[in-house]
Amino acid sequence: MSKLETRQISTLRQKGQQIDLETGEIGVHSTPFITKDVVIIGSSMKEGATVPTHDNTKGLVRAFDARTGKLLWTFNTIPKPGEFGGNTWENDSWATNGNVGVWSNITIDEDLGLVYLPVETPSSDFYGGHRPGDNLFAESLVCVDLKTGQRKWHFQFVHHPIWNFDMSSTPILADVTVDNRPRKVVAVPSKEGWLYVFDRVTGEPVWPIVEKPVPASDIPGEKAARTQPYPPDSLRYARNTFSIPDDLIDFTPELRAAALERTKRFKWADTPFNPGTLGNVNGSLGAITVGTATNWPGGGYDPENHIVFAPAGNMPGVRSLAAPPPGFSDIRYMSGVAGQPFREVLGPGDCCAADSPRTAERALEARTAATAPPAAAAAAAPVGDAGLNVQGLPIIKPPYGLIAAIDLDHGKVLWQTPHGDTPDNIRTNPALRGKTIPKTGQPATSGVGLLVTKTLVIMGDPQVTAPPGRPRGAMLRAYDKKTGQQVGEIWMPAPQSGSPMTYRVDGRQYIVVAISGGPYSGEYVAFSVPADATNTRTQ
């Protein structure tokens with residue numbers, strides 16, 4: 001490939017400055033997508049909560065000829081002046097901001113010739129004072145033409161994103177029947193706990209999405225959007241607002257009283273779009289919003305019954321900002337609490353990948369620590385470290401994680417069921433001694449995927465537990481997909497870390513799931529369905 005061709009397909013910063021092709025920040029988080037001799041690839045960047053600059057690499061999507069490698073088209077997720085959406089980056093801020101990549105899975109409708117792009121957050125995640133405006137196409141679903149890359153329609157889920165509600169789930173294509181009329185739709189589970197559903201040709205919401213006023217930000221330099229889009233309540237499959245005191249822990253009167261007292265340290269609002277605050281260990285510890293409902297594993301779909309199944313965390317989140325240490329970043333505020341030590345937020349590619357320099361650094365630190373003399377006792381933890389907990393228990397009621405089923409013919413949640421055994425730190429907490437605690441589900445359910453079969457929804461636990469009657473480990477669970485009732489479970493030595501899959505060989509059905517976590521190295525575990533069951537019907 002010539003130098004000219006390399007420039008044409010490379011990623012840019014600012015108003016067209018070429019990034020260094022060896023050290024520049026850009027990566028690929030999901031596989032390229034191939035259809036009709038076209039290869040489509042998005043881009044990913046580091047976590048944006050504590051980064052050195054907002055002037056990062058710009059996300060984009062590119063398509064190549066699968067046979068020749070020729071660049072066919074490029075879609076700029078941060079539009080340039082003169083392109084649609086360019087005016088949503090006020091004060092020429094498009095030139096000095098980055099990210100807005102498409103790091104999750106792209107979906108393609110080959111028959112319609114349309115590509116659906118789930119777009120992420122701009123730099124930085126929680127502060128946007130350096131990028132006034134709505135910031136298209138950040139946190140949007142964008143539909144483009146397969147042949148040309150031209151925008152057909154878009155929907156922005158969050159205007160001027162400051163919550164890290166990037167579109168992390170794969171868009172789901174579904175042919176459904178709404179009001180006795182066949183509809184081709186695209187549905188997207190979300191971090192906000194709503195299922196968004198659109199006509200996949202026109203982009204029209206299948207059920208009304210209404211712009212509603214939301215609280216203003218009081219952080220210096222920040223100008224939050226005045227309104228945000230709200231899908232109907234019938235499509236809210238996980239909690240995304242929290243009522244005081246109704247949603248607070250109530251296992252005992254003492255825990256409820258402690259929770260009420262704890263709430264005074266946070267800013268609460270009846271919306272997931274509660275802007276972050278400047279946190280301080282001696283004052284407010286942040287603003288309450290929704291924690292992540294559905295993350296990158298996304299949901300699953302039953303094409304026979306027109307039902308979407310979504311795993312979901314069901315917990316609140318906190319947005320607290322503070323000034324970074326001098327010289328760390330050109331961003332005025334980022335994730336943190338004043339009075340606490342500054343903590344750099346690292347994503348999987350930064351902290352844990354086998355080829356990350358930080359992995360080698362941590363290994364060296366661990367070896368050094370093993371031979372070092374005992375360290376002095378640590379200082380008392382700052383007040384803010386207790387977070388949204390009382391006596392080591394979540395401040396809110398369970399369920400903490402769940403699976404939900406959403407009917408796409410009628411636009412409503414059919415059922416929700418807690419997913420995962422009650423975590424050990426809750427089950428064995430001294431404050432609950434003598435209490436019978438129902439199955440709470442597990443908060444990290446947001447980060448595990450599911451498998452839909454003819455009759456079942458199958459998903460593994462996201463954390464290990466050791467309840468009476470079985471060894472410490474995690475369970476792979478099967479639910480009746482019509483009712484949500486658990487109908488089976490099988491033990492695994494570690495939590496699920498990737499979505500399950502199923503296949504048949506010589507008439508026998510198998511289920512494979514990736515597991516890993518803590519000291520347990522990653523591996524695939526395969527289970528076979530009994531031969532007599534396979535011969536009777538496909539599960």
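This is a stop-by-stop tour of the structure, with something to select at each stop.

Before you click, know that this is a predicted model, where local features need pLDDT of at least 70 and side-chain atom pairs count only at pLDDT 80 or more, while totals for chains, interfaces and linings use all residues. Residues are numbered from 1 along each chain as its sequence is written, and side-chain values use heavy atoms, with hydrogens and water left out.

**Stop 1: an open sheet**

Select β3 (33–35) and β6 (71–76), the edge strands, each of which pairs on one side only. They belong to an open sheet of 4 strands, ordered β3-β4-β5-β6, with antiparallel pairing. Strands here are DSSP runs of E, at least two residues long, and helices are runs of H or I, at least four residues long, numbered from the N terminus. Two strands pair if DSSP finds at least two bridges between them. Now add β5 (residues 60–65): 5 bridges join β5 to β6. To see residues facing each other across the strands, pick Arg62, which stands opposite Thr74 in β6.

**Stop 2: the largest nonpolar core**

Show side chains for Ile40, Val61, Phe75, Ile106, Val115 and Leu117. Among the 24 residues of the largest nonpolar core, these touch the most other members. A nonpolar core is a set of buried Ala, Val, Leu, Ile, Met, Phe, Trp, Tyr and Cys residues joined through side-chain atoms within 4.5 Å. Buried means under 20% relative accessible area, exposed means over 50%, and partly exposed is in between (1.4 Å probe, protein chains only). The elements giving two or more residues to this core are β4 (38–41), β5, β6, β8 (114–118) and β9 (140–145).

Which residues does Phe75 touch? Leaving out residues up to four places away in sequence, its contacts (heavy atoms within 4.5 Å) include Leu60, Leu117, Phe137 and Arg151. Arg151 also lies over the face of Phe84, at 3.7 Å from the ring centre; that counts when CZ of Arg or NZ of Lys is within 6 Å of the ring centre and within 35 degrees of the ring normal.

**Stop 3: a second sheet**

Select β7 (107–109) and β10, the edge strands of the next sheet. This one is also open and antiparallel, with 4 strands in the order β7-β8-β9-β10. Between β9 and β10 there are 5 bridges, and Ser140 stands opposite Gln156 in β10.

**Stop 4: aromatic rings**

Select Tyr116 and Trp153. Their ring centres are 6.2 Å apart and their planes are at 55 degrees, so the pair is tilted. Rings of Phe, Tyr and Trp (its six-membered ring) pair if their centres lie within 6.5 Å; planes under 30 degrees apart count as stacked, over 60 as edge-to-face and the rest as tilted. Tyr116 sits in β8 and Trp153 in β10, 37 residues apart. Next, try Trp194 and Tyr196: with planes at 80 degrees and centres 6.4 Å apart, the pair is edge-to-face. These four residues belong to one aromatic cluster that also includes Phe155 and Phe273.

**Stop 5: backbone oddities**

Most residues other than glycine have a negative phi, and most peptide bonds are trans. Where can you find a cis bond? Go from Leu136 to Phe137, with omega near 5 degrees. Phe137 is in the loop between β8 and β9. Another cis bond joins Ile244 and Pro245, with omega about 10 degrees.

Finish at Asn99, which is not a glycine but has a positive phi of about 65 degrees. Asn99 is in the loop between β6 and β7 and counts as buried, at 3% relative accessibility.
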